[in-house]
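How does one move from a computed value to a descriptive term? The exchange below takes up that question for one structure.

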Amino acid sequence: MKIVVNGRAHKITAHPMKRLLDVLREDCGLTGTKEGCGEGECGACTVLIDGVAVDSCLVPAVHAEGRQVITIEGAARTPTGKALQNAFVEHGGAQCGICTPGMILAAAPLRRGASLHQIKTALAGNLCRCTGYPAIFRSVEAALHKKVKRGRSR
Amino acid sequence: VRDVPRAVGTNVRRKDGDAKVTGAAKYIDDLTFPGMLYGATIRSTIPRGRISGRRVSLPPDFIVADHRDIPGKNYVALIEPDQPCLAVDEVRHVAEPILLIAHAGKHALIDIERRIAIDYQAATPNYDPEKSDLCFKEISIDKGRIELGLRNADRVIDGEYRTGHQEQLYIETNGVIAVPGDGRITVYGSLQCPYYVHKALMVALNLPPDRVRVIQTETGGGFGGKEEYPSMLACHAAILARKAGRPVKMIYDRVEDLVATTKRHPSIVRHRTGLSRDGRLTAMDIDVIMDGGAYATLSAVVLSRGVIHAAGPYRCDHVRIRGRAMMTHTPPNGAFRGFGAPQTQFAVEAHMDRIAEQLGIDPVRLREINALKPGDTTATGQRLGKDASALPVLREAVKRSAFRKKRRQLTGTNRGIGLSLFFHGSGFTGGGEVKLASKASLELTASGARILVGSTEIGQGTRTMHAQIVADALGVPFEAIDVHEVDTGCVPDSGPTVASRTCMIVGKLLERCARDMRARLGGLTPAQYFRQHGSFTVTAQYEPPPGLQWDDERYAGDAYGSYAWSCNVVELEVDPVTLEVTPVQVTAVAEIGKAIHPMMAVGQIEGGTAQGIGYALTEEVVMKDGRMANAQLTNYIIPTPLDAAAIDVAILERPYVHGPFGAKGVGEMPIDGPAPAVINALRHCGFDVRSIPATPERLLAAGRRLKAEG
């Protein structure tokens, strides 16, 4: 299989039904993508395939063949990736950090100026146990809005 | 005097932030070692019985280990030596480890349990803590004379309150890698307490301290769930690694993590409370039962914190608290944020609203009359200092949430509003800190100083917060401080990363180190001193603040150095058809002495509050024949982004004189209050619910009173 990950072509020799998550972590050596549940509930393994956020634990590697995959290591290649990464540090969106790669990639397809409701919907498939989410919402808003009120609550 | 911007009280950039947002941070499953094998655990499938046979027929490329492969003592060293690393002939709960298997191929271990047969002679299990004949721990607190207090009461009000299991649900499951070599063992892992693991490995492997090394990898959440359990897992990986002579990685999948690892203790708490006509507490008689599960683990200390907080933040001259932690045939329960206090404060706060209702007193007024003030004494007789803040947090929360106005307006609608008032002791209970005798060190570097502590970063911000304290005490910029990785080969034992002690206790040790170091620099900057004289290291060891006294026999005295205080207000809506509950707005006012990093402190409060809302409403561990039946994220329901209630957080600061820059603990307290505030809001809606989680099924069973109280 040939999969383009973060702009780089990888030739993969693996069972076509191997989980994309495992191919990324084991065959490509990109361990930034995390496994939290292995059943598509927690979203820690979220990556982008052709710009769409998917749970890589539910995707057979063959489905990514010939497609563009973006992982957290390549998040800065997306229009909002860098801003999101910085905002998650600056606004407390990252605590233990295990959900953070998935959160950032789930938020990456959002357009600038997205509403809070749009943000919540985009992140609906991603679980975080540390923040209770408000700090994640603030982080995404900060990245997607030029000016954001740095309130303590929302 | 150098002109350095202060770090304490500001939102400096967290030290681990950039590695976590770029994927560079290495968690345990991200590491591999040459020749590494993967390990799996064969567990009991019955809750109670004797093992009559083990039938294993696997090819020789599988490594199989049982209890006979343990060179040291076959128990997980913690408090009581009762829990085996690997079962010998008795099984006390489902998912008890019996055999360990290792193989070079991860996939060779899938469904490995189907290739192994364990034969049992089953016995009848008991799941009811009140019918158990084994009590792990009993504690009594007696203040004044309970009979006198009840005799002097105008009214006596009883109540029984129950809480269920709760799963910590860190998003990174438990995992370790054990690397053998040269009569030594090194364990890397996702863990909170490296020295707990160190001790357990010494005992199980029969090794001296210098031949055991434990290194914490980046840890994807703990919440208590990685306090004691990693000791068991580390012993397993080490047993396999020693037998194989190769590194062994063991990572639990989510189902195994949910089925086998510790949960919050379920509880039954009964109150019998004497009151004067005007709402003054004259007597509090409280009985606390905690379900410990099959082995003692930390039940004794969970019970301790539970009973000490059982009377809530209230003044009462006559208090009797009896607590028991009982054995049942379910997987052992253990540490979880709050550590007994969420259970007992749920009970007392739900009880307070029932008292208010029965006396016809406003719930805020009832709390104002009885709230502990500076100079009052707690149930253990501890006289509170100036930082006792029950009334300030109550008043601020009532004001911010417009509680009284909303309480009137919402009466008779599908919305309700309720509150809870609570406190949380920082640090180990009673003489615990003296026994721990924790150490922290600070090493001078070419550009500043390096922190050496055994305290772990598990998301709460340990590295950053410690560096802020040291920077200001040393008088150098925040960036000049680095933090050594937590490696028992290099850092001292600072005690476990638990009990809301990492800031107040270990942070204070570091502050002392930094002040000592500053004195030795004699006016030079660290860089100047380093160039002239080279490096040196300063170490501080815990000493109790003057006057702190605890009597462990009578369970009386100063239970904690200090307490943090909080009030929650929850406004929620009940769907009249489905009885689903949606929290609409939560207010959390917390008095924590000093917020070292305000944004991270808010993060602790928001996160703990959300976890508490889950505890109150949706997080139900369904036990069927002693096994968690809903061991998946599909049906063990924690709050999602779409469930997230808006949380208005306010921090009040009343410095604690013996805390670093006045700081007290903050990590655990936020989970103590949401559940009773939810239940009290449901009461306001007409639902008399006395157990959590308050699922639609429980609301249906409770029934709705047509005329809700105002």
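The questions and answers that follow concern helices and sheets of chain B in a predicted model.

Q: What makes the crossing of α3(B) and α4(B) oblique?
A: The axes of the two helices, α3(B) and α4(B), cross at roughly 45 degrees. Angles under 35 degrees count as roughly parallel and those from 65 to 115 as roughly perpendicular. The crossing therefore makes α3(B) oblique to α4(B). The axes of this pair come within 9 Å, and the crossing is right-handed.

Q: Which residues bring α3(B) and α4(B) together?
A: On the α3(B) side they are B:Y196, B:V197, B:A200, B:L201, B:A204 and B:L205. These meet B:P230, B:S231, B:A234, B:C235, B:A238 and B:I239 in α4(B).

Q: How do you know that the length of α3(B) agrees with the expected span?
A: Helix α3 of chain B, residues 194–205, has 12 residues. From its first C-alpha to its last it reaches 16 Å, close to the 16 Å expected at 1.5 Å a residue. Just after α3(B), B:N206 takes a positive phi of about 55 degrees.

Q: Why is α3(B) called mostly covered?
A: A residue counts as buried under 20% relative accessible area, and nine of the 12 residues of α3(B) are buried. Among them are B:Y195, B:H198 and B:L201. The elements that cover the buried residues include β10 (184–189), β11 (212–216) and α4 (229–244) of chain B. α3(B) lies across β10 and β11 of chain B, and runs at about 150 degrees to β11(B).

Q: What makes that angle to β11(B) roughly antiparallel?
A: Angles over 145 degrees count as roughly antiparallel, and α3(B) runs at about 150 degrees to β11(B).

Q: Why are β3 and β11 of chain B placed at the edges of their sheet?
A: The open sheet has seven strands in the order β3-β5-β1-β12-β9-β10-β11 (chain B), with mixed pairing. β3 (63–65) and β11 of chain B each have a single partner strand, so one side of each is left without a neighbour in the sheet. The twist averages 25 degrees from one strand to the next.

Q: How do you know that the pairing in this sheet is mixed?
A: β1(B) and β12 (residues 248–251) of chain B pair in the parallel sense over two bridges, with B:L37 opposite B:V248. By contrast, β1(B) and β5 (residues 97–103) of chain B run antiparallel and are joined by six bridges; there, B:Y38 stands opposite B:H103. Both senses thus occur within the pairing that is described as mixed.

Q: What makes both faces of β1(B) covered?
A: On one side B:L37, B:G39, B:T41 and B:R43 are buried, and on the other B:Y38, B:A40 and B:I42 are buried. That accounts for the seven of seven buried residues in this strand, residues 37–43 of chain B.

Q: How do you know that β9(B) and β10(B) are paired?
A: Pairing requires at least two bridges, and β9 (residues 175–181) of chain B has six with β10(B), in the antiparallel sense. In β10(B), B:V187 is the bridge partner of B:A178.

Q: Why is α16(B) called mostly covered?
A: In this helix, residues 674–684 of chain B, 11 of 11 residues are buried. Among them are B:V678, B:N680 and B:R683.

Notes: Residues numbered from 1 in each chain as written. Chains lettered and ligands numbered in written order. Predicted model: local features only at pLDDT ≥ 70, side-chain atom pairs only at ≥ 80, totals over all residues. Heavy atoms only, no water. Helix = DSSP H or I, 4+ residues; strand = E, 2+ residues; numbered from the N terminus. Expected span 1.5 Å × (residues − 1). Buried < 20%, exposed > 50% of the residue type's maximum accessible area, 1.4 Å probe, protein only. Contact = heavy atoms within 4.5 Å. Axes fitted to C-alpha atoms, helices over the stretch in contact; angles between N-to-C directions. Left-handed = near helix turned anticlockwise from the far one by under 90°.
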